[in-house]
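Here is a walk through the sheets, a helix and the cysteines of one chain. Keep the viewer open and follow along.

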Amino acid sequence: MAKQLLGKTVVVQMKEGIVARVEALRAQGVEPTLAFLRVGNRPDDLSYQRSATKRAEGRGIATREFVLPETATDAEVEEALRAINQDPGVHGCLMFRPLPGALSDERAAAVLASEKDLDGITASSLAAVFTDHEQGFPPCTAQACLEMLDAYQVPLQGRHVVVVGRSLVIGKPVSLMLLRRNATVTMAHSRTQDLAALTRQADVVVCATGRAKAFGPEYFAPGQTVLDVGINFDEQGNLCGDVDFDQVEPVVGAITPVPGGIGSVTTECLMDHVVTAAERAAHGEGGR
C-alpha cells in the first residue's frame, strides 16, 4: 500500500512557525490582516471563507470582509480593490474567483496591488514566478505542492516530474517552481499523446486537470509520488480528485488523498502569505 501524504501533517509543521511570526509582529504593534473580497454568495466561496477565517483565528491573524452583490459592476469591484490597496491595516487580499456574470477577472487582477496579492493572480506576481524574482506571491495551491513534497522529504533535484495541467493557477507556476528546485519537469495536458506512457516514466506526478478520477492505475508505476490537486465530485456526489485513488493507491509509492491532501495545505499557504506580507510592510519592503 502507498504512503498517504496527509495535509494535516504539513499544516501542523507550518502552523508552529506562522504563530511565532504572528506573535513577533504583534509585539511590534502589527496585526496581520487578511481581506476577503467576495462578489455574491456562492456556496463554495462561503464555505472556503469560513474555513480560512477559522484557520486565521487559530493563528492570531485578523480578517476583514468586503462583500459586493452579484449585480456589482467592474467599476465597483475595482473601487473595492483600490480601497484594500490604500488601507495600511490590510496586508493582503484573497479575491474569490471566478467573478460572477460578465465581471472581468482580468480587469480586477490588474487593479490589485501585487504586494497584497496573496494568491498569485496579478501579472506582477506571475511574472515573478517565471523570472525567479522575489516579488509578490505564487498561487497558494502551487506553493502547497512544494510544501507537501518538502514536508515528506521527497527529493526533487535531478528527478523527473510530470505535471499534467497547464493552468495559471497550478500547472504553469508549479512547473516553474519545481524547475527552480532543479527537478527535470515535463508539462503535459489532456491532449498530450500517449500521456500514460509519459506519466509512468516520472518520479513524481502532479495531476491538475480538474477532471474527476480521470487518472487510473494505467497512468502510474511502482515507487512514484503522486500529488492529486483536483477538487471534483464523482457521479455519487462525493468529493474526489483527478486520480482514481482506490485504484491507484495500491500501485504507487506515495499519494495525496482527496480530501485530506493538498487542500488544507493550500489554506495554510494563504496564512503564510498574509504573515509574510505583514512582515514586508513592517520592514518597508515592497517586494518579496
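Helix 6 (residues 140-151) lies across strand 7 (204-207) and strand 8, and runs at about 145° to strand 8. Bear in mind that this is a predicted model. Helix 7 (residues 171-180) also packs on the sheet, where it touches strand 5 (160-164) and strand 6, with a direction at about 170° to that of strand 6.

The sheet under these helices is an open one, with six strands in the order 1-11-8-7-5-6 and parallel pairing. Its edges are strand 1 (3-4) and strand 6 (184-188), each of which pairs on one side only. Further in, strand 8 (residues 225-228) and strand 11 (residues 254-255) run parallel and are joined by two bridges. To find the register there, look for Thr225, whose bridge partner in strand 11 is Ala254.

Now for the other sheet. It's open too, with three strands in the order 3-2-4, again paired in parallel. Strand 3 and strand 4 (92-95) are the edge strands, each pairing on one side only. From one strand to the next, the twist averages 20°.

Strand 2 pairs with strand 3 in the parallel sense over seven bridges, and with strand 4, also in the parallel sense, over four bridges. On the strand 3 side, Ala35 has Arg64 as its bridge partner. On the strand 4 side, Leu34 stands opposite Gly92. What about the side chains of strand 4, buried or exposed? Gly92 and Leu94 point one way, Cys93 and Met95 point the other way, and all are buried.

Helices pack here as well. Helix 3 (residues 74-86) touches strand 2, strand 3 and strand 4, and its direction makes about 175° with that of strand 2. Helix 10 lies across strand 2 and strand 4, at about 120° to strand 2.

To pull the helix angles together:

| Helix | Strand | Angle |
|---|---|---|
| Helix 6 | Strand 8 | about 145° |
| Helix 7 | Strand 6 | about 170° |
| Helix 3 | Strand 2 | about 175° |
| Helix 10 | Strand 2 | about 120° |

Helix 2 deserves a look of its own. Its 15 residues (43-57) reach 21 Å from the first C-alpha to the last, close to the 21 Å expected at 1.5 Å a residue. Which residues of helix 2 are buried? They are Asp45, Gln49, Ala52, Thr53, Arg55 and Ala56. These cover an arc of only 160° around the axis, so they sit on the same side of helix 2. The general background is simple: an α-helix has 3.6 residues a turn, so residues three or four places apart point the same way. The buried residues of helix 2 pack against helix 1 (7-27), strand 2 (33-39), strand 3 (62-68) and helix 10 (262-282). Over on the other side of helix 2, Pro43, Arg50, Lys54 and Glu57 are exposed.

Last, the cysteines. How many disulfides are there? With a cut-off of 2.5 Å between the sulfur atoms, the count comes to zero. For Cys93, the closest cysteine sulfur is in Cys140, 12 Å away, and that is too far for a bond. Cys93 counts as buried, at 2% relative accessibility. Cys145 is in no disulfide either, as the nearest cysteine sulfur, that of Cys269, is 9.0 Å away. Cys145 also counts as buried, at 1% relative accessibility.

Notes
Residues are numbered from 1 along each chain as its sequence is written. This is a predicted model: local features need pLDDT of at least 70, side-chain atom pairs count only at pLDDT 80 or more; totals for chains, interfaces and linings use all residues. Side-chain values use heavy atoms; hydrogens and water are left out. The expected span of a helix is 1.5 Å times one less than its number of residues. Buried means under 20% relative accessible area, exposed over 50%, partly exposed in between (1.4 Å probe, protein chains only). The arc is that of the directions from the helix axis to the C-beta atoms. Contact means heavy atoms within 4.5 Å. Two strands pair if DSSP finds at least two bridges between them. Axes are lines fitted to C-alpha atoms, for helices over the stretch in contact, and angles run from 0 to 180 degrees between N-to-C directions.
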